[in-house]
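Have the viewer open and ready to rotate. We will begin at a single side chain and then work outwards to the whole chain.

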Amino acid sequence: YMIGHALVWHSQTPGWVFENENGQPADRDALLRRMKDHIQTVVGRYKGRIQAWDVVNEALDEDGSLRKSPWYNIIGEDYVELAFQYAHEADPGAALYYNDYSLESSAKRAGAIRLIKSLQAKGIPVAAVGTQGHFGLDWPSLEELEKTITEFAALDVDVMFTEMEIDVLPTIDNYHGAEISTRGEWDPKLDPYRDGFPAEMQQKLAERYRELFKVFLDHRDAVTRVTFWGVTDADSWKNNWPVPGRTNYPLLFDRDGQPKPAFYSVVDVAREALGK
C-alpha cells in the first residue's frame, strides 16, 4: 500500500509556478491550470499503483485560518477543494488525505475540522486526516492527543500519524510546529547530547513513546496508520532543523541502525494491547 506525498504544498513548489512570463504574479486561471495539470499528470501516471495521496499539505496557519500562501493568495480559499476535485477526477479509486502539523493545538485542530467539514459538505471525498506527529518529550499533552483523535474520528475519517518522531532537544522559543522555514543559530545549550545520549534520557524517550502508543492503541479503531519520519537517528531531519548541525535522537533506531529502548517500549505496548 503506497501513499503519495504531497500534491499541493506551498513550501516545495518552484517560484515560477506562481509567476507569469513577465515575472509577475500569475492570475487565478493560469495557476489553476498549472495545479490541475500537475495533479492530474502525477496522479494519472500512478493510477492504480499508488493507492492514496496527501492531496494538500499544511494549508493552515497556527490559528486555524487558511495559510496565506501563493496558492491561497492567487486562487483563493477554494484551491483546497479544487485540488481534491482534480485528484479524484484523475483516480476515482484513490483515497485522498489532508495532512498538517500541530493539529494537537486546539486552534489549529478547530481550523482543520472546519476545513474537512466544508469539503465534506461539498461532496469532496476526504478519506483521512494526517496529523504529522512531530512531537516532543512534553508536547502535546495526552489529553490534547486524545481530543485530536476523537474529534477527527467524529468526522467519519480515518486518523493517521504521518511523520512521527519525538524531538529530545531544547526548543527555540517554545516552538512546537514544523514550519520548515523556521531557523535558529547553533548554540551549545541547544545541542546538549553531541557526545552521546545518556541512559536516563533513553528511558525518558522510551516512556514517552510508550504513553503515546498506548493512546494510539486505545483508539485503534480510529487510528489506522503511524508512519515514522525516518528510520534511524542519523537519517532524521531533526538533526538539521530548526537548528543546523545538532545531534538529535528522535527515532526508534540509533545511528548504527540498532533498536533503542524506545523500540522495545513500543513493542511491549503492542503486546500488552493484544494480550500477548
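The side chains of Thr162 and Asn99 are joined by a polar contact of 2.7 Å. A polar contact here is a pair of N or O atoms within 3.5 Å; within protein, one must be able to donate a hydrogen and the other to accept it, and residues adjacent in sequence count only if both atoms are side-chain atoms. Please keep in mind that this is a predicted model, where local features need pLDDT of at least 70, side-chain atom pairs count only at pLDDT 80 or more, and totals for chains, interfaces and linings use all residues. Residues are numbered from 1 along each chain as its sequence is written, and side-chain values use heavy atoms, with hydrogens and water left out.

You will find Thr162 in strand E6, residues 158-167. Helices (H or I, at least four residues) and strands (E, at least two) are DSSP runs, numbered from the N terminus. Thr162 counts as buried because its relative accessibility is 5%; buried means under 20% relative accessible area, exposed over 50%, and partly exposed in between, with a 1.4 Å probe and protein chains only. Which residues touch Thr162, leaving aside its neighbours within four places in sequence? They are Asn99, Gly130, Thr131, Gln132, Arg225, Thr227 and Trp229, where contact means heavy atoms within 4.5 Å.

Gln132 leads us on to Asn57, since the side chains of Asn57 and Gln132 make a polar contact of 3.4 Å. Asn57 lies in strand E2 and, with a relative accessibility of 2%, counts as buried. Beyond four places in sequence, Asn57 is in contact with His5, Ala6, Val8, Trp9, His10, Asn99, Asp100 and Gln132. Asn99 thus appears in the contact list of Asn57 and in that of Thr162.

Trp9 deserves a second look, as Asn57 is its bridge partner in E2. The pairing around them is between strand E1 (residues 3-9) and strand E2 (residues 52-57), which run parallel over five bridges; two strands pair if DSSP finds at least two bridges between them. Together with helix H1 (residues 28-45), E1 and E2 form a right-handed β-α-β unit. Right-handed means that, with the strands pointing away from the viewer, the path from the first strand over the helix to the second runs clockwise, so you can check the turn on your own screen.

Stay with E1 for a moment, because Leu7 lies there and is buried at a relative accessible area of 6%. Apart from neighbours within four places in sequence, Leu7 is in contact with His38, Ile39, Val42, Val43, Trp53, Asp54, Val55 and Ala87. For a sense of scale, pick Leu142, which is 135 residues from Leu7 along the chain: their C-alpha atoms are 31 Å apart.

Now for some backbone geometry. Most residues other than glycine have a negative phi, and most peptide bonds are trans. Against that background, His5 and Ala6 are joined by a cis peptide bond with omega of about -10°, and Ala6 lies in strand E1. Another cis peptide bond joins Trp241 and Pro242, with omega of about 0°; Pro242 sits in the loop between strand E7 (223-228) and helix H7 (261-274).

Two residues with positive phi are also worth a visit. Ser102, in the loop between strand E3 (95-100) and helix H4 (106-121), is not a glycine, yet has a positive phi of about 60°. Asn174, in the loop between E6 and helix H6 (199-218), has a positive phi near 60°. Are they buried or exposed? Ser102 counts as buried at 8% relative accessibility, whereas Asn174 is exposed at 57%.

Finally, zoom out. The protein chain has seven helices and seven strands, in the order β-α-β-α-α-β-α-β-β-α-β-α-β-α from the N terminus. Its radius of gyration is 20 Å, close to the 19 Å that the globule rule gives for 276 residues, so the chain is as compact as a globular protein of that length. This radius is taken over C-alpha atoms, and the rule is 2.2 Å times the number of residues to the power 0.38. Buried residues make up 50% of the 276 residues. Among contacts between residues at least 6 apart in sequence, 77% join residues at least 24 apart.
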